[in-house]
Amino acid sequence: MKSQRPITSDDEHRVLQFRPRVTTSPVVHRGSGVVQKLHAAAPEPLDLSRYEQPREEPDDFRHRMLANIAALAFTIALTAIGIWLAVNIADLRRTQDCVLMGRRDCVKITTPHI
């Protein structure tokens, strides 16, 4: 059995030298490459204050609360409809399984109370 090796050319194995755009720290030359010394930068605070931007108008908390209440009501309604639909589908499946087994008393008959 012969081992198959891919045909390689010199164009596939070239190493590109990384050249930084701006040099802000002292540069040390070693061989054919360039090495920059690391400089210790002051650590930035770990909060979100650097992303804050001044607002043109203040927040409307009343409108935000009404939107949140509307979203909550919509979510509750959607959940209730989903539960009702799942219960009805399960009941229909149970009735269909009963009928397919050949039984005759599958449907529940409700009678009004007198």
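Which side chain meets Arg94 in a salt bridge? I looked this up in a predicted model. The partner is Asp91, with an N to O distance of 3.4 Å. I then checked where the two residues sit: both belong to helix α1 and are 3 residues apart, about one turn of the helix. Arg94 has 53% relative accessibility, so I entered Arg94 as exposed. Asp91 has 37%, so I entered Asp91 as partly exposed.

Next entry: the other salt bridges. I searched the whole structure and found 4 salt bridges. One of them joins the side chains of Arg55 and Asp59, at 3.4 Å from N to O. Arg55 is exposed because its relative accessibility is 64%. Asp59, at 32%, counts as partly exposed.

I also noted a salt bridge between Asp105 and Arg103, at 3.7 Å from N to O. Asp105 is exposed at 56% relative accessibility, whereas Arg103 is partly exposed at 47%. I then looked for shared partners: Arg55, Asp59 and Arg64 are joined into one network by their salt bridges.

Last entry: nonpolar surface. Which residues make the nonpolar surface patch of about 440 Å²? I listed Ile81, Trp84, Leu85 and Ile89. I placed Ile81 in helix α1, which covers residues 61–100. Is Ile81 buried or exposed? I entered Ile81 as exposed, because its relative accessibility is 51% and the cut-off for exposed is over 50%.

Conventions
Residues numbered from 1 in each chain as written. Predicted model: local features only at pLDDT ≥ 70, side-chain atom pairs only at ≥ 80, totals over all residues. Heavy atoms only, no water. Patch = residues over 30% accessible without salt bridge, like charges linked within 9 Å, V, L, I, M, F, W, Y side chains within 5 Å. Areas by Shrake-Rupley, 256 points an atom, 1.4 Å probe, with all protein chains shown as cover. Helix = DSSP H or I, 4+ residues; strand = E, 2+ residues; numbered from the N terminus. Buried < 20%, exposed > 50% of the residue type's maximum accessible area, 1.4 Å probe, protein only.
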